[in-house]
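Thank you all for making time this morning. I would like to take you through a few aromatic contacts and one sheet, so please have the structure open while I talk.

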Amino acid sequence: MPKSKQRASELATCDRCGANVRARGLGSHSKSCAKKEKERLEDEEFADIVRKAKKKELRRQRREIRNNLQRLEDAQSSIAVSATAIWADPDPDVEMQGSSPRQYPPVDHDAALPDFHEADFAPNEPDPGSNEPDPGPNKPNPELDDIKVEYHPHSQISSTVHHFSEFTRSRMTEHTVPRNNTPWEPFRTRLDFEIAEIALEAAMTKDQTNRLLDLVHRSASGNDKFTLQNHDEVRSLWNLASQRYTRFQNDTVSVPFDSEVHEFEMHYRPLWDWGLDLLRDKYLAPHFVFDAQRLSKFDGERCVRFIDKPWTADAFWNAQSQLPSDAKPLAYILYADKSKLSSFGTQKGYPIIARIANLPVHIRNNNTALGGGRVVGWLPIIVENQEHAKKKNYVDFKNAVWHTSFYQLLASVAQHSNTGYWFECGDGIQRRLWPVILILSADYEEQCIMALIRGLKGKFPCPVCLVPQDEQSVLATHEFRTRHQSEDVLRTARLKPSEKEKEAHLKAFSLRNVENVFSRVRHVDVHRALSFDRLHTNEEGLWGDHLWKEVKFWISDLGRDAAVKLDKNFDGLPRWPDLTHFSSVVAVDFTDGTVLGDLSKMIVFAAQDIFTSSRCKLGHLLLRCIRHYIEFDIYASLEVHTEHTIAAGRLAVQKFSEIMAPETLKNWNFPKKHLVSHIFDDIISKGATRNYSTKPNEKMHGSLRKIYLQRTNFKNVASQILHYDEWLLTSTSMRTELDELDEYYKRNTCDPETHEALDLDDTGEPESTTIHAHLGSRQGNHSFSDIMLSHGTDRAFTNFRMKLNGFLNGFLPQHNIPLPDGKCIHLRTEDMITVFHFLRVNYESIVDWRLHRDLLRCNPKFYGLPRYDCVIVKTADKPFFARLVYMFSCLIGNTDFPLALIHPYDVGIASSRRRRDNDMGLWRVRAKPRISSEIISVQSIIRGAALANDPETDGDYFVIHTVDTDMFLRVKALQDQPST
């Protein structure tokens with residue numbers, strides 16, 4: 001019977017496909033449908049597997065292409081070894097990248113430099129033992145540059161040895177789940193927070209905020225809702241949001257003076273609670289280091305110790321040795337100094353800024369992000385009473401107010417310094433934390449208050465040691481002050497029967513009759529915690545207040561022509577990133593420490609042809625003195641110190657002190673001259689000077705001044721400034737979490753390279769590659785005939801095309817790159833190359849072994865002026881200096897080769913000339929005739945360089961080795977090698 005005529009009662013509906021079939025055949029039909037469904041699902045699953053496999057194969061191919069490109073780049077550059085090895089010990093088998101080989105003796109960084117001076121260890125500290133590597137019976141012998149990490153015995157972690165490449169890359173790279181999926185709360189929406197954030201950052205008034213909110217409401221559209229109504233609501237939400245961190249408290253302190261009790265307000269965040277805010281943060285948790293370490297690097301013969309971060313230095317190690325074996329030091333860095341808030345200085349602030357030494361420097365010295373410096377206190381400022389000004393009792397009273405107020409901040413730390421405190425950190429691990437005041441960062445005047453010494457006119461004006469007042473100009477070792485000594489002197493003085501005897505006993509040690517607040521915290525010695533301050537002692541002190549004024553005096557003595565020439569020489573110096581360029585200096589009063597530091601780095605190059613020994617003997621002697629000052633200051637600024645740089649730095653301080661003989665006609669008997677004797681002791685004890693630099697703290701004065709001017713009514717300003725600072729901290733934290741959330745969602749929805757939809761699997765992330773040198777600022781394609789037409793008068797372009805042919809025909813076979821069709825390259829006049837004006841060079845610093853970047857120009861009109869930067873070029877022998885003339889890429893087959901035309905500065909310099917230059921610490925280079933230009937691969941460029949023209953000798957230049965610490969050590973290595 002036809003299906004259309006079947007009765008409805010004889011039909012049934014299949015549950016799988018929905019078709020109407022005979023009731024009697026429903027069973028077999030259902031089985032058939034089930035089979036087809038199973039086959040369909042299997043087909044789809046197979047198709048999905050194929051699709052994933054194709055994507056996986058696509059990613060594999062992309063990685064293979066990148067790796068091939070990297071291998072090609074490596075073949076071009078032949079710089080597969082570290083920058084240190086390239087500079088200090090060139091491989092004789094490495095072929096040169098230019099057009100002719102050069103042979104120079106290798107540089108020896110480590111020539112005859114002594115080890116560290118023996119440090120004093122705590123009684124229960126183990127002997128660090130020998131630095132000689134002990135591979136053990138089953139361990140492989142150490143390789144060159146291997147890093148050995150020795151952990152403090154309390155950590156119960158065995159020493160480890162890492163290959164250099166593994167150690168430098170052992171950073172936390174895992175992506176974690178965001179801390180908060182709604183980081184804008186208590187604001188109702190993200191849009192609410194971001195609008196309020198803008199109003200806060202712009203320091204808008206109440207009226208401006210209300211007008212902004214009104215405009216947003218009138219233009220609001222889209223998915224995100226905007227609900228804020230007025231300024232008062234914004235304030236209340238900021239106050240609510242600020243509850244996530246420790247708030248400021250306000251206490252009254254009472255100090256007696258002149259038969260009266262005087263009261264002062266002290267604003268502070270309890271220091272311990274502020275530290276716990278950071279410890280519970282999951283983002284910061286992986287960056288905290290709680291165990292002291294000793295690091296060393298294998299130089300081929302032995303392990304040479306190096307120091308950078310606080311936990312790699314001796315003070316952290318000794319502090320942990322004094323604690324119970326299960327305790328972890330939580331090390332604080334504290335800073336305090338007065339700050340002018342108003343333009344004329346009538347309104348001042350007295351902030352205390354705290355940092356945590358357990359965090360790495362890039363987090364700790366950041367002033368805008370969580371984990372960086374934060375205002376934790378606001379000390380009272382005593383209005384000067386002219387009736388009592390400068391009287392001993394009144395000065396003691398002001399010091400007592402300082403220390404009594406400071407205790408409000410330290411009270412919680414003092415409490416836990418007796419027992420420690422168990423706390424679950426952001427990584428979920430419970431630790432017994434023990435507070436330690438590791439570093440006190442301040443200028444000299446503030447250090448005198450912290451140490452409670454009598455300052456400049458005291459018998460012993462140093463807060464660290466007992467140097468007599470009349471021996472500060474002499475570089476010598478003196479007995480160190482100690483906490484116990486100062487406490488004993490104070491205790492003994494207070495037992496004296498008369499005020500006169502009490503005063504005489506205190507005066508004998510230049511101490512004050514005030515109890516030191518830091519004595520109330522266990523394991524803290526204020527004299528050991530006080531740290532060398534480069535900003536105020538060197539840049540603004542020795543240089544800005546003394547040496548620079550001496551330079552100006554002798555320039556003035558030589559007359560107007562000398563002043564004009566000095567300005568002209570400064571203006572003629574090349575520009576360099578992060579270095580101030582000076583068009584004139586003689587008539588300018590510099591007050592900024594960083595600018596003064598830049599000025600000191602350039603003065604020898606600008607004045608060496610003015611202060612000659614024949615023209616101005618004392619000026620020449622002054623310039624030699626400045627040369628040694630610059631050397632020890634740069635050694636002090638190194639980011640990483642080894643035994644060798646410590647010894648070299650001490651030697652530079654010694655030379656600086658020796659050359660400041662009476663002939664300089666200046667009295668050098670003042671504290672800032674003496675304080676330099678403690679630089680390298682502090683480095684051994686607390687790490688690189690940037691760990692305790694006052695610069696990051698001084699920069700925070702500007703933001704506090706801005707809050708004062710824009711957010712206060714100029715009355716009772718402390719509470720208003722600190723309230724606003726709380727909001728800024730909260731806003732910064734919320735913004736960090738919001739950016740983290742955005743990055744997480746972005747990372748999980750698209751490929752970071754192609755931005756295409758990401759199909760997650762277990763293949764892992766593609767390996768990243770680092771390009772050593774990269775051309776930029778593309779100027780288009782140019783034929784050789786066009787190039788000769790525009791540059792024909794420049795002798796550097798003589799036979800340019802023929803030089804390029806010769807270079808390519810030698811370079812490609814030399815690096816196992818086949819010539820096209822096996823034939824020699826013969827470029828014709830109509831062939832094209834691509835011209836570039838910019839070069840980015842990534843290089844490994846020989847100071848901290850990290851990757852740094854130089855941005856170089858080869859531009860006939862960079863901001864209206866020609867700019868042709870200089871470089872260091874690697875060869876099979878010794879590196880040489882050169883100036884970029886032309887940068888281009890040349891397509892050979894399917895490969896683009898990035899190349900450069902350079903003017904070499906490698907003519908030999910006579911030994912007699914070298915000796916005269918060394919008197920000023922200069923390294924001279926001499927240009928070849930311009931027609932002797934060469935072509936090189938840009939991959940053979942080690943890094944950029946700045947060269948100063950020698951006005952007295954045409955074609956001669958001085959390498960400006962003071963532009964950064966890496967260049968300084970490279971030039972020092974050249975100067976230390978034996979002359980040929």
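I will begin with the ground rules, then turn to the rings, and finish with the sheet.

Please keep in mind that this is a predicted model, in which local features need pLDDT of at least 70 and side-chain atom pairs count only at pLDDT 80 or more, while totals for chains, interfaces and linings use all residues. Residues are numbered from 1 along each chain as its sequence is written, and side-chain values use heavy atoms, with hydrogens and water left out.

Let me start with the aromatic pairs, where rings of Phe, Tyr and Trp (its six-membered ring) pair if their centres lie within 6.5 Å, and planes under 30 degrees apart count as stacked, over 60 as edge-to-face and the rest as tilted. By this rule the count comes to 35 aromatic pairs. One of them joins Phe164 and Trp849, whose ring centres are 6.2 Å apart with the planes at 80°, so this pair is edge-to-face. Phe164 lies in helix α3 and Trp849 in the loop between β18 (832-844) and β19 (851-862), so the pair ties together parts that are 685 residues apart in sequence; helices here are DSSP runs of H or I with at least four residues, and strands are runs of E with at least two, numbered from the N terminus.

Are these two rings buried or exposed? Phe164 has 13% relative accessibility and counts as buried, and Trp849, at 11%, counts as buried too, where buried means under 20% relative accessible area, exposed over 50%, and partly exposed in between (1.4 Å probe, protein chains only). Ser165, also found in helix α3 (residues 164-168), is partly exposed at 35%.

Trp849 has a further partner, since the charged end of Lys297 sits over its ring, 4.7 Å from the centre; this requires NZ of Lys or CZ of Arg within 6 Å of the ring centre and within 35 degrees of the ring normal. The charged end of Arg294 likewise sits over the ring of Trp317, 4.0 Å from its centre.

Finally, the sheet: an open one of 3 strands, in the order β24-β28-β27, with antiparallel pairing, where two strands pair if DSSP finds at least two bridges between them. Its edge strands are β24 (924-926) and β27 (947-949), each pairing on one side only. β24 and β28 (residues 956-959) pair over 3 bridges, and Arg924 stands opposite Phe958 in β28.
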